[in-house]
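Subject: A structure for you to look at

Hi,

Here is the structure I promised to pass on to you. Have a look at it first, and then read on for what I found.

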Amino acid sequence: MTAHVSKVRSLYKRILLLHRFLPIDLRALGDQYVKEEFRRHKSASPKEVSAFMVEWENYKATLQTQVLDASGRVAPRSQLGTALPEAMFQDFQNEQIGQLYELMLESTKPNRQFDIQE
């Protein structure tokens, strides 16, 4: 149990660390989303936790690669993100599809709701 908790915390902290390299508005949005998702899955079933960890590990690896690739480029925002395979949507519940849609809308707004100053 302790090893699992340590692994979850490590993943959580690493993702938030990687978010520091995102544009400030996307960082705020991403941090909020990650915190809510990890909190929401505290009492999830072992099967859900397993899938949760796999997907967040994939996110971390993708983001880490993109951040490293984007370092030194003028416009890293265009290099962030990845398309979800269509087959993956078949495994999602309606609530999850709604969450993804809202996240997509928020992250692609020309005038984001976050007015954050560095």
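Before we start, one term: a residue is called buried when its relative accessible area is under 20%, and exposed when that value is over 50%. Please also keep in mind that this is a predicted model.

Let's try the term out on leucine 29, which sits in helix H2. Is leucine 29 buried or exposed? Its relative accessibility is 12%, so leucine 29 counts as buried. Try finding leucine 103 as well: it is 74 residues away from leucine 29 along the chain, yet the C-alpha atoms of the two are separated by 8.5 Å.

For the opposite case, go to arginine 20, in the loop that links H1 and H2. Arginine 20 has a relative accessible area of 54%, so it is exposed. From its C-alpha to that of aspartate 31 is 9.3 Å, and the two residues are eleven apart in sequence.

Now for the two helices on either side of that loop. Two packed helices are described by the angle between their axes and the distance between the axes. Here, H1 covers residues 2-19 and H2 covers residues 24-40; their axes come within 9 Å and cross at roughly 170°. Because of that angle, H1 is roughly antiparallel to H2. The crossing of H1 and H2 is right-handed.

Which residues make the contact? From H1 they are Val8, Leu11, Tyr12, Ile15, Leu16 and His19. H2 contributes Arg27, Gly30, Asp31, Val34, Lys35 and Phe38. Sorted by type, the residues of this contact are seven nonpolar, two polar and three charged.

Next, the inside of the model. The largest nonpolar core is made up of ten residues: Leu11, Ile15, Leu16, Val34, Phe38, Ala44, Val49, Phe52, Met53 and Trp56. At least two residues of this core come from each of H1, H2 and helix H3, which spans 46-70. H3 gives the largest share, with four residues. There is another core apart from this one, with five residues, including Leu18, Leu22, Leu63 and Val67.

One last residue to click on is phenylalanine 52, a member of the largest core. Leaving out residues up to four places away in sequence, phenylalanine 52 touches Glu37, Phe38 and His41.

Enjoy exploring, and write back with any questions!

Best wishes

Note on methods
Residues are numbered from 1 along each chain as its sequence is written. This is a predicted model: local features need pLDDT of at least 70, side-chain atom pairs count only at pLDDT 80 or more; totals for chains, interfaces and linings use all residues. Side-chain values use heavy atoms; hydrogens and water are left out. Axes are lines fitted to C-alpha atoms, for helices over the stretch in contact, and angles run from 0 to 180 degrees between N-to-C directions. Angles under 35 degrees count as roughly parallel, over 145 as roughly antiparallel, 65 to 115 as roughly perpendicular and the rest as oblique. A crossing is left-handed if the near helix is turned anticlockwise from the far one by less than a right angle, and right-handed if clockwise. Contact means heavy atoms within 4.5 Å. Ala, Val, Leu, Ile, Met, Phe, Trp, Tyr, Cys and Pro count as nonpolar, Asp, Glu, Lys and Arg as charged, and the others, Gly among them, as polar. A nonpolar core is a set of buried Ala, Val, Leu, Ile, Met, Phe, Trp, Tyr and Cys residues joined through side-chain atoms within 4.5 Å. Buried means under 20% relative accessible area, exposed over 50%, partly exposed in between (1.4 Å probe, protein chains only).
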